[in-house]
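Reader: I should like to go through this model by question and answer. Please show the sequence and the structure before we begin.

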Amino acid sequence: MQLKLFKTLWGFTGDYKDAVQSAIQNRFDGIEGAVPDTVAGAEQLATLLADSGLNYIAELATTGTYVPDRSLTIQDHLDDLAIRLTRLKYLRPLFVTCLGGCDSWRLPDSLEFLRRAIELADNANIHISFETHRGRSLFNPWITRQIIDLIPELQITCDFSHWYVVCEGIQASEESIIREVVSHASHIHARVGYDQGPQVPDPRSPLYARELARHLTWWGWIWQQHAAGAREYTTVTSEFGPDGYDYRDSTTGRSLIEPELLNNWMAARLRSEYKHLITGQH
């Protein structure tokens with residue numbers, strides 16, 4: 001089985017050409033990011049990806065960016081998703097990872113949204129995976145387990161760093177839920193959270209060795225699940241980012257460790273971690 005590592009466009013300050021060059025230089029297999037806002041941008045990115053041989057994972061967030069507009073309805077979210085799916089025709093992503101729904105909804109509302117969102121993606125012939133993200137329908141492990149029990153076909157993008165901070169630490173009871181949901185894992189966002197935040201200041205530091213080890217264990221469960229199911233590859237995006245997540249000087253606000261440096265380090269760590277399991281890897 002192969003490990004396909006993706007470079008995130010979140011927080012990347014260069015243009016698409018720079019992103020593709022950086023991905024190649026750092027041995028990524030593809031790029032994950034939001035769909036360009038214009039047709040010209042989508043065509044440019046599609047050409048760069050095709051010429052470079054890189055894959056693409058599209059990231060879509062309904063009614064907003066990372067945090068939804070909580071005043072909007074299920075239909076608003078679905079209409080927004082439908083529009084965003086139509087913008088993918090130039091890019092032909094491996095799949096879509098969706099920040100969908102809203103944490104303030106009742107369970108029946110999230111179920112209705114997710115079922116109809118899957119139907120929209122199926123009609124567009126696009127595989128869709130829903131991220132375990134704060135602010136969204138899958139924002140904690142307990143509600144996610146309930147939803148998966150009722151929508152067994154649901155596929156998820158596992159970003160356990162969000163659950164880590166929502167739960168203020170993953171205890172044995174939550175870890176047992178992670179064990180349950182990995183059978184629905186379609187994709188991994190490799191960021192390390194801790195009790196008081198979704199992103200440790202520096203995953204290389206011995207101060208966060210326990211948190212790193214726990215995330216590596218959970219990602220390893222997904223790898224094992226995929227291997228048992230004879231999947232061709234597992235996709236992972238190393239996703240340390242800015243927007244208040246990164247480690248900054250308290251006076252100047254200057255980033256002390258660039259997220260891109262941490263993402264490149266995490267990709268290298270994952271190659272090393274799963275080296276004995278990887279076949280057919282460049």
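Reader: Over the face of which residue does Lys 4 lie?

Author: This is a predicted model, in which local features need pLDDT of at least 70, side-chain atom pairs count only at pLDDT 80 or more, and totals for chains, interfaces and linings use all residues. Residues are numbered from 1 along each chain as its sequence is written, and side-chain values use heavy atoms, with hydrogens and water left out. A charge sits over a ring if NZ of Lys or CZ of Arg is within 6 Å of the ring centre and within 35 degrees of the ring normal. At 5.3 Å from the ring centre, Lys 4 lies over the face of Tyr 233.

Reader: How far from the ring centre of Trp 221 is the charged end of Arg 179?

Author: The charged end of Arg 179 sits over the ring of Trp 221. Its distance from the centre of that ring is 3.8 Å.

Reader: What closed arrangement do the strands E1 to E8 form?

Author: Strands (E, at least two residues) and helices (H or I, at least four residues) are DSSP runs, numbered from the N terminus. Two strands pair if DSSP finds at least two bridges between them. The order is E1-E2-E3-E4-E5-E6-E7-E8, with parallel pairing, and the result is a closed barrel of 8 strands.

Reader: By how many degrees are neighbouring strands of this sheet turned against each other on average?

Author: Axes are lines fitted to C-alpha atoms, for helices over the stretch in contact, and angles run from 0 to 180 degrees between N-to-C directions. With direction ignored, the average turn between neighbouring strands of the barrel is 30 degrees.

Reader: Are the residues on the two faces of strand E4 buried or exposed?

Author: Buried means under 20% relative accessible area, exposed over 50%, and partly exposed in between (1.4 Å probe, protein chains only). Strand E4 covers residues 96–99, with Val 96 and Cys 98 on one side and Thr 97 and Leu 99 on the other. Both faces are covered, and these four residues are all buried.

Reader: Through which helix does the chain cross from E3 to E4?

Author: Strand E3 (residues 55–61) pairs with E4 in the parallel sense over 4 bridges. Across this pairing, Leu 60 stands opposite Cys 98, and Ala 61 stands opposite Leu 99. The β-α-β crossover is right-handed (with the strands pointing away from the viewer, the path from the first strand over the helix to the second runs clockwise). The helix between E3 and E4, residues 74–86, is H3.

Reader: Which helix carries the chain from E4 to E5?

Author: E4 and E5 (residues 128–131) run parallel and are joined by 3 bridges. In E5, Ile 128 is the bridge partner of Val 96. This β-α-β crossover is also right-handed, and the helix it passes through, residues 107–123, is H4.

Reader: Where does Asn 125 lie?

Author: Phi of Asn 125 is near 60 degrees, a positive value in a residue other than glycine. Most residues other than glycine have a negative phi. At 73% relative accessibility Asn 125 is exposed, and its place is the loop between H4 and E5.

Reader: What is the relative accessible area of Ala 230?

Author: Ala 230, which is not a glycine, has a positive phi of about 60 degrees. Ala 230 is in the loop between H8 and strand E8 (233–238). Ala 230 counts as exposed, with a relative accessible area of 67%.

Reader: How many residues apart in sequence are the parts that Tyr 164 and Trp 218 tie together?

Author: Rings of Phe, Tyr and Trp (its six-membered ring) pair if their centres lie within 6.5 Å; planes under 30 degrees apart count as stacked, over 60 as edge-to-face and the rest as tilted. Tyr 164 and Trp 218 form a tilted pair, 5.9 Å centre to centre with 45 degrees between the planes. Tyr 164 is buried at 0%, and Trp 218 is likewise buried at 0%. Because Tyr 164 lies in helix H6 (residues 160–166) and Trp 218 in helix H8 (residues 209–228), the separation in sequence is 54 residues.

Reader: Which residues form one aromatic cluster with Trp 218?

Author: By the pairing rule, the count comes to 8 aromatic pairs. The residues that form one cluster with Trp 218 are Phe 160, Trp 163 and Tyr 164.

Reader: Why is the sulfur of Cys 102 without a bond to that of Cys 98?

Author: A disulfide is a pair of cysteine sulfur atoms within 2.5 Å, and a search of the whole structure finds 0 disulfides. Cys 102 is buried, at 2% relative accessibility. The closest cysteine sulfur to that of Cys 102 is in Cys 98, and it is too far for a bond because the distance is 13 Å.
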